Amino acid sequence: MGTFDFLLQGLLVAAQPMNLLYALIGVTLGTAVGVLPGIGPALTVALLLPVTYQLDPAGSLIMFAGIYYGGMYGGSTTSILLNTPGESASIVTALEGNKMARAGRGGPALATAAIGSFVAGLIATLGLAFIAPYIVKLALVFGPREYFALMVLAFVTVSSAFGDSTLRGLTSLFIGLTLACIGIDQLTGQARLSFGVPDLLDGIEVTTLAVAMFAIGETLFIAAQGDRGPDKVEAVRGSVWMSATDWARSWKPWLRGTFIGFPIGAMPAGGAEIGTFLSYAAEKRLTKHPEEFGNGAIEGVAGPEAANNASAAGTLVPLLTLGLPTTATAAIMLAGFQQYGLQPGPLLFATNPQLVWGLIASLLIANFMLLVLNLPLIGLWVKLLTIPKPWLYAGILLFATLGTIGANPSVFELGMLLAFGLLGYVMRVFGYPIAPVVVGLILGPLAEQQLRRALSISQGDITVLFTSPIAAVLLVIAALALVVPLILRARGRGEVLAQLAASED
């Protein structure tokens, strides 16, 4: 069967009434949390993990993907009207979008963001559908050595991509890997790091850790910052629709943003932020109206928003085909797959094609839903910004606690939720990224399993990891991903010091 046949089958799955309802819930929730500053799709999916573990896997994963796409759409609203990005990937949108809103052109700014997101999401989802089968064919030849090398690449790129410091990223990763060692050894059956506590023999629940680190930790961090006073929301004056000139100036940035964002999202060290900055730089260089940049250029909203949404679809390429998360939301979605006993990767396309293609097809439907939800209901999304923060974060704490108790009614589990929540708060205070901890806990046991298999086959010969060309290339890429950012940072620091020394002279 070809890609079109699989996609049509997927559309039949996604078009089932319950799955359509899950998609609608997902995109509505996603848009709402994208609008609210400080609450991203990763936090929302983490909160819903314990609530959805008894639901249909296809429906739940369709809802999670809808939240991810919706969060990318909704983040532009606060960037444009409030100058506060709801999502980190919407930082660039605020540069020109808020200036447009202040000049009374908030409507066209929101329109180009929504339509650009739709165009990019549509093209990128089709790209995901056509590229994924080829990566799956390549990944099917992987043995234990190649899979271990792939996990090492994932560990390094996740540690380098999240946060400002590679060292802090690696520290977060090793916390996750240490937590992954707790429980029964998969090979020998021996208890490890359980300290005689029976509740630890099953290991740390990924759901508990994800909810604690993202929801509890974020809530405590926001509460500790205190009240910063009300934010000024720019009113949407005039029509929400774009003029013919706006259309003419937007369509090329939409396409350019799509083709910049999608491959960057699909790279193991990707992430939507990089694509949006590159798109903004490209539009600034190619514009016929350079004087408008910095004062509200519509191209500076259209391009980055398209790159943002294309990158979200690109992120699903390594997640679905190789089981590699490249963003915090993708890491939580990986936990979502695992709570149903599913491991994303090439075998999932063979063993459960209906679920995978249903998920991909649902993204096409979610895109249409988001276009309908975003523009006509802009007034509703703006009203969400008036919710008092104490109510909002108290609700998140309550939902996180009840969800965890519902999934695992244990006092010990509740204690772990609090302990990991405090750990998440402390890590945020000191600038340590959260996502590598969750990635370490999820991928750590898989990496250990593949390494031990490879060593068993080679009778303990460690050099076997470098005799496979694919494994060797992946390990070299991992080493470069670790070393190159450090060299670039050191060079940048050296240049700054040289300039300071020259200025003092």
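## Inside a mostly helical model

Set aside the neighbours within four places in sequence, and Ile332 is in contact with Ala42, Val45, Ala46, Leu49, Ala210, Phe214 and Val438. Keep in mind that this is a predicted model.

Where does Ile332 fit in? It is part of the largest nonpolar core, which has 135 residues; Ile204, Leu209, Phe214, Ile332 and Leu443 are the ones that touch the most other members. Helix α6 (residues 106-139) gives this core its largest share, twelve residues. There's also a second, separate core of ten residues, with Ile80, Ala101, Ala109 and Ala113 among them. In soluble globular proteins, nonpolar side chains tend to be buried together.

Now for a charged residue. Is Glu283 buried or exposed? With a relative accessible area of 1%, Glu283 counts as buried, because the cut-off for that is under 20%. You'll find Glu283 in helix α11 (residues 272-286). Not counting residues up to four places away in sequence, Glu283 touches Pro253, Arg256, Phe293, Glu299 and Gly303.

Here are the two helices we've met:

| Helix | Residues | What's there |
|---|---|---|
| α6 | residues 106-139 | twelve residues of the largest nonpolar core |
| α11 | residues 272-286 | Glu283 |

Zooming out, the protein has 21 helices and two strands. Of its 505 residues, 55% are buried. Look at contacts with a separation of 6 or more, and 78% of them are between residues 24 or more positions apart. As for the outside, the accessible surface is about 21400 Å², and carbon and sulfur atoms account for 69% of that.

Note on methods
Residues numbered from 1 in each chain as written. Predicted model: local features only at pLDDT ≥ 70, side-chain atom pairs only at ≥ 80, totals over all residues. Heavy atoms only, no water. Helix = DSSP H or I, 4+ residues; strand = E, 2+ residues; numbered from the N terminus. Buried < 20%, exposed > 50% of the residue type's maximum accessible area, 1.4 Å probe, protein only. Contact = heavy atoms within 4.5 Å. Core = buried A, V, L, I, M, F, W, Y, C linked by side-chain atoms within 4.5 Å. Areas by Shrake-Rupley, 256 points an atom, 1.4 Å probe, with all protein chains shown as cover.
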